[in-house]
Amino acid sequence: MASRKGELFVKILLLLCIFRPSQGREESMRSSKAKHSYLKEASSFSTGAGKEEYDYIIIGGGTAGCPLAATLSHKYRVLVLERGGSPYGNRNISYLQNFHISLANTSPKSPSQSFISTDGVINARARVLGGGTCINAGFYTRASPSYVEEVGWDGKLVNESYPWVEKRIVYWPKVAPWQAALRNGLLEAGVSPFNGYTFDHKYGTKVGGTIFNKKGFRHTAADLLEAGNPKNLRVLLHATVLKIIFNTKGRQPKAIGVRFKDENGDRHEVFLNRREKSEIILSAGALGSPQMLLLSGIGPEEDLKKFNIPVVLHNQYVGKGMSDNPMNSIFIPTKKPVQQSLIQIVGITKIGTFIEASSGFGQSSDSIHCHHGIMSAEIGQLSTVPPKLRTLEAVREYARNKPSIPHEAFQGGFILEKIDGPLSTGYLNLVDTDVDNNPSVTFNYFSHPYDLHRCVYGIRTIEKIVQTRQFAGLSNDDAFSAERLLNMSVTANVNLIPKHTNDTASVEQFCKDTVITIWHYHGGCHVGKVVDRHYRVLGVTRLRVIDGSTYTNSPGTNPQATVMMMGRYMGVKILRERLGRAAGV
Ligand code: FAD
């Protein structure tokens, strides 16, 4: 109920964007079509374009799905079914300055599908070829060697797979002034040493990589498909998978094909070829993969029966162990407008709290007239409507007046802290059998006291950073007390959690009431519970899950590097398993 009411609220709050195509858009789409000959609309399937059988059918052309497909296509016929459209020619995806627009666009065609967890936190999941890499903040950083060891990956292959991604789509950032201030502030506050520019996960402060190039142009996992063999690769866009089809006659259910609908709503079925080792691979993300297993009849029997889904395999763990790393941020108004920046610097503390920052307001003409979502400095303006008075009418009024608000009003930035490996976990359930609808998700933020303890540590560290010379010079009031900043942040943070009068007196309460997401949610198909350590779904054959839903902890400070690495890594592993040395990778 909270979730439905919340979705309505967010729709009205955020559905205020005007998408304005650029003049050069059609031209760039034409050239991208020639370059990406493997991309087709899903309806082309019925005209014979993709009517063959495949060695691999990958559900979800996202962060893991694209590098995986590219790698497998070197030796096998691969079909990728992606529910979203192409990222090419979409300025809201390509330009850093438009980062907030995709998140704010809640139309059915948006590359971002918003959802609200039952905790009351506004969140987003990708719906576009390239997945999360098309809508994220771009920060690129590897997992620690101890993480790789714990997961049981082959360290040598991991160290070959990260560079495969990096040489194609990763850059070093030009450090923005707000980020430089954070770097110096972190060091002054004792989060040291400074480790320079590095992808490695090291205690202290560092500059990480980014998938935005120096001009602020985004590269995505979809670009990794260019490394595949176009003759063996077919990618269908707007192909929404409805269910996985099993042959249940043998000893174990065997995945044999999938049913999907195209952009016109017409339904199709596509099958694996008869080769014994052909497989369906689910890479639909931490919400999409458990949802797809449930819709296909794999999950807790009692839940499946509620929706009249024929049970293929009872597994009580599907959708369990969902986690989202809680994020809390402090809003700092500034004297002058600050250059827009997403994440470039991170402070890695030994207690498992990570500190990052974002600043500024997208000044592009596309961006200026729309609300920018929860990570925008301008929510400081929305917060002039007190939380309890944020009625739909007040929000509409805000939207009407927004174009007349002077730019200077949008001045400031955030310093945020995120908890590593939250001990608080939750679950995911279907709310209906419509794959287009979000399942219900609960993360239970801060239900474990140690998570709360680490949040308090993070906020106290941010308070120290704000008091450093770096930020004293930037903020518009030299005498910002910690309490005043917390107070502003309580009103600036948009979630649907009721606020308390002691929010600024108790940092614990502040953490609970202003928790938002950094979108690193994961889980639902854990290793050992839903898949084995080769990511094969337990109890059935010819089906794997390869994406963020398999993680117990989110890797590194930010996960995309490792999710893409995992796509490449598993592609190579699978080729080597099937072909040995002849795999040639
Ligand atoms: P996804 O990339 O989401 O891929 C799943 C794909 O499956 C999607 O393309 C989806 O459309 C498709 N799909 C789902 N269901 C179906 C279906 N039924 N049929 C067909 N296709 C389907 N990480 C970082 O490291 N750095 C950052 O700066 C950063 N910032 C972020 C900011 C935002 C706003 C978001 C949303 C995420 C951010 N992340 C960041 C996190 C990171 O991007 C994700 O963890 C990662 O992209 C998840 O990858 P995945 O492969 O598990 O899922």
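**Exercise 1. How do the residues of the shell around the ligand divide into nonpolar, polar and charged?**

*Solution.* The model is predicted: local features require pLDDT of at least 70, side-chain atom pairs count only at pLDDT 80 or more, and totals for chains, interfaces and linings use all residues. Residues are numbered from 1 along each chain as its sequence is written, and side-chain values use heavy atoms, with hydrogens and water left out.

Step 1. Take the residues near the ligand (one heavy atom within 4 Å of it). There are 36, and the closest are T63, E82, G132, F139 and Q560.

Step 2. Assign classes: Ala, Val, Leu, Ile, Met, Phe, Trp, Tyr, Cys and Pro are nonpolar, Asp, Glu, Lys and Arg are charged, and the others, Gly among them, are polar. The shell then holds 17 nonpolar, 15 polar and four charged residues.

**Exercise 2. Identify polar contacts of the ligand and state how much of its area the protein covers.**

*Solution.* Step 1. Search for pairs of N or O atoms within 3.5 Å. A polar side-chain atom of E82 lies 2.7 Å from a ligand oxygen. For the side chain of N136, an N or O atom is 3.1 Å from an oxygen atom of the ligand. A126 contributes a polar backbone atom, 3.3 Å from a ligand oxygen.

Step 2. Compute accessible areas by the Shrake-Rupley method with a 1.4 Å probe. On its own the ligand has 1,000 Å² of accessible area, of which the protein covers 95%.

Step 3. Locate the contributing elements, taken as DSSP runs numbered from the N terminus (helices H or I, at least four residues; strands E, at least two). Those giving two or more residues to the shell are β5 (122–126), β11 (240–247), α9 (285–295) and α17 (560–579).

**Exercise 3. Describe the burial of α9 and β11, and the pairing of β11.**

*Solution.* Step 1. Apply the burial cut-off (under 20% relative accessible area, 1.4 Å probe, protein chains only). In α9, ten of eleven residues are buried, including P290, Q291 and M292. After α9 comes G297, with a positive phi near 100°.

Step 2. In β11, six of the eight residues are buried, so the rest of the structure largely encloses this strand.

Step 3. Strands pair if DSSP finds at least two bridges between them. β11 and β12 (residues 254–261) are antiparallel partners over seven bridges, with T240 bridged to K261. A hairpin of six residues joins β11 to β12.

**Exercise 4. Check the length of helix α13 (residues 449–466).**

*Solution.* Step 1. The expected span is 1.5 Å times one less than the number of residues. For the 18 residues of α13 this gives 26 Å.

Step 2. The end C-alpha atoms of α13 are 26 Å apart, which agrees.

Notes
A polar contact is a pair of N or O atoms within 3.5 Å; within protein, one must be able to donate a hydrogen and the other to accept it, and residues adjacent in sequence count only if both atoms are side-chain atoms. Buried means under 20% relative accessible area, exposed over 50%, partly exposed in between (1.4 Å probe, protein chains only).
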